[in-house]
Amino acid sequence: MKKIKIANGEISASEIALGCMRIADLSNNEAASLIQTALDEGINFFDHADIYGGGKSEEVFAKAINMCSGVRENLIIQTKCGIRQGFYDFSKEHILKSVDESLKRLNIEYLDILLLHRPDTLMEPEEVAEAFTTLHSSGKVRYFGVSNQNPMQIELLNKYLNNKLIIDQMQFSITNSGMIDSGLNVNMKVDSSIDRDGSILEYCRLNNITIQAWSPFQFGFFEGVFLGNDKFPELNQKIDEIASAKGVTNTAIAIAWILRHPAKIQPIVGTTNTKRLKDICKASQIQLTRQEWYEIYQAAGNKLP
Ligand SMILES: NC(=O)c1ccc[n+]([C@@H]2O[C@H](COP(=O)([O-])OP(=O)(O)OC[C@H]3O[C@@H](n4cnc5c(N)ncnc54)[C@H](OP(=O)(O)O)[C@@H]3O)[C@@H](O)[C@H]2O)c1
């Protein structure tokens, strides 16, 4: 598994991360075997959130891995806060409470990275800055980032933060490629030219912020998996053709497509299946050509100007 540098080189992370949103209902043995497979494949980065499984995902993870200081040191653990039942909450009180509860459930002393999960329009950046300073100086959180935020929202926060944001986690996949579409269609009178994210891809590259791709196999907003799906015949035909030529599965190609982008986007894969996870990790051993990358992009229904 190849590594990428995060936080201006201070963190060396596996280029593929394991997302733990779906592990809440796994048995201890199933979770242990999933995490061990990830580690065996070279994955050292694990993504959580306070709300996954209502907090149970963090607990299941800690128990399955027999969390203790020796184990913890070899892992990069990221969690998120800010989504509550029916509203978003970036208040200092909520951020501090959420982190304490995540640390307890994960059975660890510190988080490597804390992300703000979804923009809270009632956010007061000075208050977030106070919360982050408290968390950093107490040693509870090493680095901070956001999720689903645009460049100006990041700028607004960074104006007040002592510790600048290092991650933006966004939905991104072959079938959710808005971050790329608008840049390919600048100044065109077509829908794909609409910039829905404020040029976040270019902004993050300019500012050394790592983009993480959530739900890399889903189309729509959790509508299902595009691989092997009759709704995407041309895309699946193209992916299968390239997979077979390279001797890997379609899952590896879907992830290799994300990894091929020079922005060094880190896919967060959410499988709970060990065989699938091993297949996915083969993506790190292959490199799509420029032509293959563009062929897959167009097979998904995207048009080049
Ligand atoms: N920041 C945010 O707002 C946000 C939102 C959503 C998710 N996330 C993060 O992103 C991670 C990944 O999200 P996700 O689980 O939706 O992503 P995903 O990797 O796109 O989807 C995984 C799900 O698809 C299923 N699946 C079925 N067929 C598959 C195939 N051929 N290939 C791959 N998966 C297949 C998996 O089932 P099996 O388990 O049986 O393989 C699993 O339930 C989450 O764990 C979380 O950490 C973040």
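## Exercises: salt bridges, odd loops and a one-faced helix

The structure holds 12 salt bridges (a side-chain nitrogen of Lys or Arg within 4 Å of a carboxyl oxygen of Asp or Glu). This is a predicted model, where local features need pLDDT of at least 70 and side-chain atom pairs count only at pLDDT 80 or more, while totals for chains, interfaces and linings use all residues. Residues are numbered from 1 along each chain as its sequence is written, and side-chain values use heavy atoms, with hydrogens and water left out.

**Exercise 1.** Find the salt-bridge partner of Asp89 and work out how accessible each of the two residues is.

*Solution.* Step one: look at Arg84, whose closest N and O atoms with Asp89 are 2.7 Å apart. Step two: sort by relative accessible area, with buried under 20%, exposed over 50% and partly exposed in between (1.4 Å probe, protein chains only). Asp89, at 11%, is buried, and Arg84, at 37%, is partly exposed.

**Exercise 2.** Take the salt bridge between Glu295 and Lys238 and say which parts of the chain it links.

*Solution.* Start with the gap: the closest N and O atoms of Glu295 and Lys238 are 3.2 Å apart. Now place the pair: Glu295 sits in helix H12 (residues 290–299) and Lys238 in helix H9 (residues 233–246), so to speak distant parts of the chain, 57 residues apart. For these labels, helices (H or I, at least four residues) and strands (E, at least two) are DSSP runs, numbered from the N terminus. Last, check the cover: Glu295 is partly exposed at 26%, and Lys238 is buried at 16%.

**Exercise 3.** Explain how Lys275 and Asp279 are placed along their helix.

*Solution.* First, the contact: their side chains meet in a salt bridge, 2.7 Å from N to O. Next, the spacing: Lys275 and Asp279 are four residues apart in helix H11 (residues 274–281), which means about one helical turn between them. An α-helix has 3.6 residues a turn, so residues three or four places apart point the same way. Then the accessibility: Lys275 is exposed at 53%, but Asp279 is buried at 14%.

**Exercise 4.** Which residues are linked with Asp112 in a network of salt bridges?

*Solution.* Look for the arginines: Arg72 and Arg142 are linked with Asp112 in that network.

**Exercise 5.** Locate Asn187 and Asn208, and check the sign of phi for each.

*Solution.* Asn187 is in the loop between helix H7 (178–184) and helix H8 (200–206). Its phi is near 70 degrees, a positive value in a residue other than glycine. Asn187 is also exposed, at 76%. Moving on, Asn208 is in the loop between H8 and strand S11 (210–214), and phi of Asn208 is near 55 degrees, again positive in a non-glycine residue.

**Exercise 6.** Work out how the buried residues of helix H6 (residues 151–160) are arranged, and what covers them.

*Solution.* List them: Pro151, Ile154, Leu157 and Asn158 are buried in H6. Seen down the axis of H6, these fall within an arc of 130 degrees (taken from the directions from the helix axis to the C-beta atoms), so they line one face of the helix. Flip to the other side and you meet Met152 and Lys159, both exposed. The cover includes strand S8 (111–116), helix H5 (125–137), strand S9 (141–147), strand S10 (167–171) and H8, with contact meaning heavy atoms within 4.5 Å.
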